[in-house]
Amino acid sequence: MPRPAPPDPLAEATPATPDWPGEWLRGVLSLCALRVLADGPTYGYDIAQRLAGVGLGEIKGGTLYPLLGRLHAAGFLDEEWRPGDGGPGRKYYALTEAGCAHLHDESARWARFAALTQSFVTSQEAHR
């Protein structure tokens, strides 16, 4: 009879569905949604699934749809209703030219901010 495998310490440290603090996601969710839409027009549920697929966890509709509405109001997204194949229609979102420029600019700023934050938080100076 085979012996049971020892527990994987990394499995406990990295859960399959991360539970990121809400304030972290609020700070970066609009940028992540715009990034999904950079691949082409899609609907809200697909955006949520793709964000979950990259490890951001479950994004509830009550969070995502108001965000998409704000991005549309800011001129970063176009919205279009498309009929469903035998089901209800879906609202599709697509990046506008202003949305592409915003994504480009904010991605660069985010990269600088994330690098600065990581350097500060993980520095030996912070552990004194």
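## A buried threonine between strand and helix

Let's start with T96, which counts as buried because its relative accessibility is 13%, below the 20% cut-off used for that label. Its place is in the loop that links strand 3 (90–95) to helix 5 (97–122). Bear in mind throughout that this is a predicted model.

What does T96 touch once neighbours within four places in sequence are set aside? The answer is a run of residues: G75, F76, L77 and D78. L77 and D78 belong to strand 2, which covers residues 77–82. As for E79, its C-alpha lies 9.9 Å from that of T96, with the two positions 17 residues apart in sequence.

## The overall layout

Stepping back, the chain has five helices and three strands. Going along the sequence, they come in the order α-α-β-α-α-β-β-α.

How much of the chain is buried? Of its 128 residues, 26% are. As for contacts with a separation of 6 or more, 48% are between residues 24 or more positions apart.

## Helix 2 and its bend

Helix 2 takes in residues 22–37, and its length works out: 16 residues at 1.5 Å each should span 22 Å, and the end C-alpha atoms are 22 Å apart, so the two figures agree. Even so, helix 2 has a bend of about 50°, located at V28.

V28 is also one of the buried residues of helix 2. The others on that list are L25, L29, L31, C32, A33, L34, V36 and L37. What do these buried residues pack against? Their partners are strand 1 (42–43), helix 3, helix 4, strand 2, strand 3 and helix 5.

## L67, a link from helix 4 to helix 2

L67 sits in helix 4. Is L67 buried or exposed? With a relative accessible area of 7%, L67 is buried, since anything under 20% gets that label.

Leaving out neighbours within four places in sequence, the contacts of L67 are L29, S30 and A33. L29 and A33 are both among the buried residues of helix 2. The C-alpha atoms of L67 and A33 are 8.8 Å apart, although 34 residues separate the pair in sequence.

## Where helix 3 meets helix 4

Helix 4 (residues 61–73) also has a crossing with helix 3 (residues 44–53): their axes come within 10 Å, at an angle of roughly 115°. The crossing is right-handed.

Which residues make this meeting? Helix 3 brings G44, Y45, I47 and A48, while helix 4 brings L64, Y65 and L68. By class, that contact has six nonpolar residues, one polar residue and no charged ones. The polar one is G44, because glycine is put in the polar class.

## Two glycines, both partly exposed

G69 has its place in helix 4. Its relative accessible area is 32%, so G69 is partly exposed, as the label covers values from 20% to 50%. Y93 is 24 residues from G69 in sequence, and their C-alpha atoms are 9.9 Å apart.

G55, in turn, is found in the loop between helix 3 and helix 4. Its relative accessibility is 23%, so G55 counts as partly exposed too. Which residues does G55 contact, neighbours within four places in sequence aside? They are P18 and W20. P18 is 37 residues away from G55 along the chain, yet their C-alpha atoms are separated by 6.8 Å.

Conventions. Residues numbered from 1 in each chain as written. Predicted model: local features only at pLDDT ≥ 70, side-chain atom pairs only at ≥ 80, totals over all residues. Heavy atoms only, no water. Axes fitted to C-alpha atoms, helices over the stretch in contact; angles between N-to-C directions. Helix = DSSP H or I, 4+ residues; strand = E, 2+ residues; numbered from the N terminus. Left-handed = near helix turned anticlockwise from the far one by under 90°. Contact = heavy atoms within 4.5 Å. Buried < 20%, exposed > 50% of the residue type's maximum accessible area, 1.4 Å probe, protein only. Expected span 1.5 Å × (residues − 1). Bend = angle between axes of the 7 residues up to and from the residue.
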